[in-house]
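Open the model in your viewer and keep the sequence panel in sight. Each stop tells you what to select and what is there.

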Amino acid sequence: MIATLLPLMPWRAAVAAAIQAQCFNVTWEPSSMARILAMPGTFGWLAMRQCDQDHDAVQPIGLIVGRSILGETEILVMGVIPQARRLGLGCLLLKTLQRMTTGKKIFLEVAIDNVAALALYRKLGFKQVGRRLNYYQRVDGTNVDALILQSLDVSPHDGCDVDACAAAAEEMPLSQRGCQRRGENGAS
Ligand SMILES: CC(C)(COP(=O)(O)OP(=O)(O)OC[C@H]1O[C@@H](n2cnc3c(N)ncnc32)[C@H](O)[C@@H]1OP(=O)(O)O)[C@@H](O)C(=O)NCCC(=O)NCCS
């Protein structure tokens, strides 16, 4: 298999922070990411892709981080690098989290103008349960509302086919830039 998910442990915080920096304008320092990953109940995965020419090299291409407390899971971060989007990886990461938290409520906050993320969450069964006014501040100083979305014990087969997503990820034509040898920077 070419695209794989690695458990996101605190010692992989630098890789996670680097992916996050490619996905968002506001990023966390590796030390902040490490602190979050070390919090009780926090878990996640890194999506890694095997490089086309050198199968011993892998490239981190996405991440998801959640935190479970008292029967509820909050998604803290999810992103896929721009070059690897629309290939099913976001779906794969979110479905994996849903599978691992069956029976628990999952909730998250998303900017009201984040078309891609809203489409993905709705496809996987999330519904709006609240709204926070002017919750996010953009780099230009404007504010946008956040929607609070929640999914309740969604069937693992709803919304997307995890195996098809993984197969699509295998075929993604990414450049070799950004590939690491296995074992470097926390990737193993
Ligand atoms: C949101 C994000 C994680 C989606 O990742 P992805 O790997 O591209 O998503 P997928 O390929 O799994 O897409 C699954 C479905 O989501 C929807 N979707 C994804 N991107 C979309 C877009 N740009 N426009 C409309 N729908 C979109 C589609 O329904 C898609 O299914 P389809 O391709 O069969 O039509 C990615 O765009 C991203 O990292 N964005 C920046 C970070 C971010 O906003 N994170 C979420 C914060 S709450």
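Select helix H3, residues 89-100. Its buried residues are Leu89, Gly90, Cys91, Leu92, Leu93, Leu94, Lys95, Leu97 and Gln98. Buried here means that 20 or more other C-beta atoms lie within 10 Å of the residue's own; 12 or fewer means exposed, anything in between partly exposed, with C-beta atoms placed from the backbone. Nine of the 12 residues of H3 are buried, so the helix is largely enclosed by the rest of the structure.

Two notes before moving on. This is a predicted model: local features need pLDDT of at least 70, side-chain atom pairs count only at pLDDT 80 or more, and totals for chains, interfaces and linings use all residues. Residues are numbered from 1 along each chain as its sequence is written. Helices (H or I, at least four residues) and strands (E, at least two) are DSSP runs, numbered from the N terminus.

Stay on H3 and check its length. It reaches 16 Å from first C-alpha to last, close to the 16 Å expected at 1.5 Å a residue. The expected span is 1.5 Å times one less than the number of residues.

Now pick Cys91, in H3. Cysteine 91 counts as buried because it has 22 C-beta neighbours inside 10 Å. Add Tyr121: the two are 30 residues apart in sequence, yet 8.7 Å apart in space, C-alpha to C-alpha.

Next, the ligand. Which residues are closest to it? Arg85, Gly90, Cys91, Ala119 and Leu120 are, out of 20 that surround the ligand. A residue is near a molecule if its C-beta atom, placed from the backbone, lies within 6 Å of it. Color H4 (115-123); H4 gives the most to this shell, six residues. Strand E4 (72-80) and H3 each supply at least two.

Move to the largest nonpolar core, which has 38 residues. Such a core is a set of buried Ala, Val, Leu, Ile, Met, Phe, Trp, Tyr and Cys residues joined through C-beta atoms within 7 Å. Ala47, Leu63, Ile64 and Leu93 touch the most other members. H3 provides the largest share of this core, six residues.

Finish at strand E6, residues 127-137. The count of buried residues among its 11 is zero. E6 runs antiparallel to E7 (residues 143-152), joined by seven bridges. Strands pair if DSSP finds at least two bridges between them. Select Lys127 and look across to Gln150 in E7. In the five residues between the strands of this hairpin, find Gly141, with a positive phi near 95°.
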